Amino acid sequence: MGLASKLRFSRDRLTECFFWAVGMTSEYEFGDLSKSLTKVISLITTLDDLYDVYGTLDELELFTTAVESWDIKAVHVLPEYMKIVFLALYNTINELSYHVLKDHELDAIPYFTKAWSDLLKSFLQEAKWCKEEELPKFNDYMNNACVSSSGVVLLVHTYFMLNHNITKQSLEALDNCHALLRSPSLIFRLCNDMVTYKAELQRGEKVNSIMCYMNENGVSEEVAYEYIQCLLNETWKKLNRDTVIDSPFLKDFTKIAINLARTAHCVYQDGDGHGVPDATTKNRICSLIIEPISLMENDT
């Protein structure tokens, strides 16, 4: 999409975005899904930077309202630098929706736009907490973080882009943000918080699960960290239960939901493998993607 080259504040993480997509679904028959997810993750990365480091609160509120309206005319009220972001999001998601309509005769726009609107509202809430130097209650943070991790957005898009039968029961579960969407999203957030909170503190950002738990309960960093690790373990147990007990979703989607949580562990196991990729991250990506491609080319 070329967004990173146009927006100096945005991270250029195309390869890392593709790594996430391959981690979620690497099967050959889902190649188009991996490409689409890479676009979605690239958009999320840019929007995260927009809300986290660059936009003013007034500008971010305008952008959030524009996305919620999903009206192309809304671009005219946005600052110039935001127009390209809005159009990239608007055009990309409408294109994905077209393919869903063509393949499944189903209008995915209401589901896609709700997911993006909810995500940006959660980003806006975090931006307000940070800019106003307010530490929220732990439960308030966690409820918002389950959305702001972006896992729900990824899984909503995945559901509609899979080549499978779409049922009324699963659509209702999707609309109500079923536990199979919430649990991977929470694991995603907790994995991120556990490795990024120290770097965020150095940048003056205090809004994360560890700091919120420390502040509310008057405990040490070590105790808070242990609590978050226990919460992570319990969320995994819940996710494992939800995959086999009365799940409204088919096996392919369930597998991808679990893979999202597993990929989060992989990306954040040695540091911030998405935001600040180091030699370990690069070696992992090379061994998974680059080197096999080179071997295939040499064989041919």
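## Exercises: helix α6, its neighbours and the largest pocket

Helix α3 passes helix α6 in a right-handed crossing. Keep in mind that you're looking at a predicted model. Let's work through it.

**Exercise 1.** Work out how α3 and α6 are oriented, and which residues make their contact.

*Solution.* Start with the angle: α3 (residues 31-54) packs on α6 at about 30°, with the axes 10 Å apart. Angles under 35 degrees count as roughly parallel, so α3 is roughly parallel to α6. Next, look at who touches whom. From α3 come Val40, Leu43, Ile44, Leu47, Asp48 and Tyr51, and from α6 come Trp116, Leu119, Leu120, Phe123, Leu124 and Ala127. Finally, sort them by class: eleven are nonpolar, none is polar and one is charged.

**Exercise 2.** Find how α4 lies against α6, and sort the residues of the contact by class.

*Solution.* Helix α4 (residues 57-69) and α6 pack at about 170°, their axes 9 Å apart. Anything over 145 degrees counts as roughly antiparallel, so that's the label for α4 and α6. On the α4 side you'll find Leu57, Leu60, Glu61, Phe63, Thr64, Val67 and Glu68; they meet Trp116, Ser117, Leu120, Lys121, Leu124, Ala127, Lys128 and Lys131 in α6. Sorting them gives eight nonpolar, two polar and five charged residues.

**Exercise 3.** Do the same for α6 and α8.

*Solution.* Here α6 (residues 109-131) and α8 (residues 151-161) pack at about 170°, with 9 Å between their axes. The cut-off of 145 degrees applies again, and the two helices are therefore roughly antiparallel. Tyr111, Phe112, Ala115, Trp116 and Leu119 do the touching for α6, while α8 offers Val153, Val156, His157 and Phe160. By class that's eight nonpolar, one polar and no charged residues.

**Exercise 4.** Describe the largest pocket: its volume, its lining and the helices that supply it.

*Solution.* First, the volume: about 890 Å³. Second, the lining: 38 residues, with Arg11, Asp48, Asp52, Asn192 and Glu200 lying nearest the centre. You've met Asp48 already, in the contact of α3 with α6. Third, the helices: α3, α6, α7 (138-148) and α10 (179-202) each give at least two residues to the lining. Which helix gives the largest share? That's α3, with nine residues. Last, the classes: the lining has 18 nonpolar, eight polar and twelve charged residues.

Note on methods: Residues are numbered from 1 along each chain as its sequence is written. This is a predicted model: local features need pLDDT of at least 70, side-chain atom pairs count only at pLDDT 80 or more; totals for chains, interfaces and linings use all residues. Side-chain values use heavy atoms; hydrogens and water are left out. Axes are lines fitted to C-alpha atoms, for helices over the stretch in contact, and angles run from 0 to 180 degrees between N-to-C directions. Helices (H or I, at least four residues) and strands (E, at least two) are DSSP runs, numbered from the N terminus. Angles under 35 degrees count as roughly parallel, over 145 as roughly antiparallel, 65 to 115 as roughly perpendicular and the rest as oblique. Contact means heavy atoms within 4.5 Å. Ala, Val, Leu, Ile, Met, Phe, Trp, Tyr, Cys and Pro count as nonpolar, Asp, Glu, Lys and Arg as charged, and the others, Gly among them, as polar. A crossing is left-handed if the near helix is turned anticlockwise from the far one by less than a right angle, and right-handed if clockwise. On a 1 Å grid over the protein atoms alone, a cavity is a set of points where a 1.4 Å probe fits but cannot get out, and a pocket is an open set with protein on both sides within 12 Å along at least five of seven lines; lining residues have an atom within 4 Å of a point. Grid points are joined across faces, edges and corners, and a volume is the space filled by probe spheres set on the points.
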